[in-house]
Amino acid sequence: MLRKSIIMMALAAAFTMNVNAVQIEVPKWQPPVPGADANIPANAYKNYSHINEKAIQEAEIFSAKVQKNVEKPKVAIEKVFKEKTGLAQAVKLGEFSESTVILLHEGKNNIRLSVPNISLRGDTVESKSSDGLLFAVHGYTGILLVGPPHGKKINKYIQNEGIYTYPGLENASWKIFKGKTHVMYTEFTPSKTKTTYGITYLGGGDVKDPYQDKFAEVVMSNYIIPSIEPLSGLDNYSHVKHWDNFSYRIPKKAKLVSEAMEDNKYEVRTYEDVGVKIRVLRFRIDPNIVDKSLAKNKFLPFE
């Protein structure tokens, strides 16, 4: 788990995206930012969707399996899938378009960002190449590291690098790794702050992958960088709730309406706000279950 911390230049420009696209600019004589695409809107991270042919096939297989195997449904969701033909397929397709919002508030580190991947788990990473702990978010097809700058000792892996400007960010730079594995690093200081961050993203690129078939540089340039914001705005309408050693954010006006145990496994808190119901689930991880969440990923060496 990501501890309590993750709740997960004024220079001449060589090119500028149009106003509806990601506003990444690069100074004259600098290389363009890898993956930056003028056809992707700057708010694409807010309504990310990813449905390809493989995803549709996976959803159809899942739906058929549910209808075939659940003869006597034992839990509520199985009953719903059985009664409402087509819902299982829709739910599975929805998984392929999930994004993860990462809230980092550990000491002076206070930012939010989004990544178009399903988050499976989180860890802290000790790294001598940074000024503190890095926070790792693991998905089916990617790993994201966020925290203090950690690019000092990765230069031996670098293929190219450059600097860029983006609204709200200062002293921004990027590095892209060598080789077939697509990995991109960015470093920046949010405007009006003195805190510098580093983000490394690995993942995507397999066109057969139902979860993410965009290369890491495309995700970094068009989904992660545009989503970076300070947490100060978030504090205006939400606050942190503590549940023993588990912390989460909830809208300030949301009211706790129930606490229950479901399926003898999940502790559930249900909140209600205007037009929305929010369920917070907590459960104990079984130490006898082998963690397979990193099966498709590679760890990055940080010294």
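Start by selecting β6 and β7, which make a hairpin with 2 residues between the two strands. Keep in mind as you click around that this is a predicted model.

**Stop 1: the hairpin and its other neighbour**

Colour residues 134-139 for β6 and look at how this strand runs against β7: the two are antiparallel and joined by 4 bridges. To see one of those pairings up close, show His138, whose bridge partner in β7 is Ile143.

Now add β11, residues 197-203. This strand also pairs with β7 in the antiparallel sense, over 6 bridges. A good place to zoom in is Gly142, which has Gly203 of β11 opposite.

Which side chains cover the faces of β7? Select Gly142, Leu144 and Val146 for one side, then Ile143, Leu145 and Gly147 for the other; both sets are buried. In general, side chains of a regular strand alternate between the two faces of the sheet. With 6 of its 6 residues buried, β7 (residues 142-147) is largely enclosed by the rest of the structure.

**Stop 2: the nonpolar cores**

Stay with Leu144 and Val146, and add Leu113, Tyr164, Ile199 and Ile224. These six touch the most other members of the largest nonpolar core, which has 35 residues. Next, highlight helix α4, residues 216-224: this helix supplies the largest share of that core, 6 residues. Then select Trp243, Phe246, Tyr271 and Val280, which are among the 7 residues of another core lying apart from the big one.

**Stop 3: a three-stranded sheet**

Show β3, β4 and β12. They form an open sheet in the order β3-β4-β12, with antiparallel pairing. β3 (100-106) and β12 (229-230) are the edge strands, each with a single partner, so one side of each has no neighbour in the sheet. As background, strands of a sheet pair through backbone hydrogen bonds.

Zoom in on β4 (residues 109-115), where 2 bridges hold the antiparallel pairing with β12. Put Arg112 on screen together with Glu229 of β12, and you'll find the two standing opposite one another.

**Stop 4: His50**

Where does His50 sit? Go to the loop between β2 (25-27) and α1 (53-69), and you'll find His50 there. His50 is buried, at a relative accessible area of 4%. Show its side chain along with the backbone of Pro210: a polar side-chain atom of His50 is 3.4 Å from the Pro210 backbone oxygen. To see the surroundings, add the residues His50 touches from further along the sequence, including Phe96, Ser97, Asp209, Tyr211 and Lys214.

**Stop 5: a salt-bridge trail**

How many salt bridges turn up in a search of the whole structure? There are 8 of them, and a few are worth a click.

- Select Asp123 and Arg121, whose side chains meet at 2.4 Å, N to O. Arg121 is partly exposed, with a relative accessible area of 27%.
- Move on to Asp235 and Arg249, paired at 2.8 Å, N to O. Asp235 is in the loop between β12 and β13 (238-243) and Arg249 is in β14 (residues 246-251), so this bridge ties together parts 14 residues apart in sequence. Asp235 is partly exposed at 37% relative accessibility, whereas Arg249 is buried at 17%.
- Then show Arg279 and Glu262, with 3.0 Å between the closest N and O atoms. Here the link runs from β17 (residues 276-282) to β15 (residues 255-262), with the two residues 17 apart. Arg279 is partly exposed at 42%, and Glu262 is partly exposed at 27%.
- Finish the trail with Asp244, Glu267 and Arg282, which are linked in a salt-bridge network.

**Stop 6: two backbone oddities**

Which residue of β9 has a positive phi without being a glycine? Select Asn171: its phi is about 50 degrees, and Asn171 lies in strand β9 (residues 169-177). At 54% relative accessibility, Asn171 counts as exposed.

For your last click, go to the loop between β10 (183-190) and β11 and pick Lys192. Lys192 has a positive phi too, near 65 degrees, and is likewise not a glycine. With 86% relative accessibility, Lys192 is exposed.

Note on methods:
Residues are numbered from 1 along each chain as its sequence is written. This is a predicted model: local features need pLDDT of at least 70, side-chain atom pairs count only at pLDDT 80 or more; totals for chains, interfaces and linings use all residues. Side-chain values use heavy atoms; hydrogens and water are left out. Buried means under 20% relative accessible area, exposed over 50%, partly exposed in between (1.4 Å probe, protein chains only). A polar contact is a pair of N or O atoms within 3.5 Å; within protein, one must be able to donate a hydrogen and the other to accept it, and residues adjacent in sequence count only if both atoms are side-chain atoms. Contact means heavy atoms within 4.5 Å. Two strands pair if DSSP finds at least two bridges between them. A nonpolar core is a set of buried Ala, Val, Leu, Ile, Met, Phe, Trp, Tyr and Cys residues joined through side-chain atoms within 4.5 Å. A salt bridge is a side-chain nitrogen of Lys or Arg within 4 Å of a carboxyl oxygen of Asp or Glu. Lists of a residue's contacts leave out its neighbours within four places in sequence.
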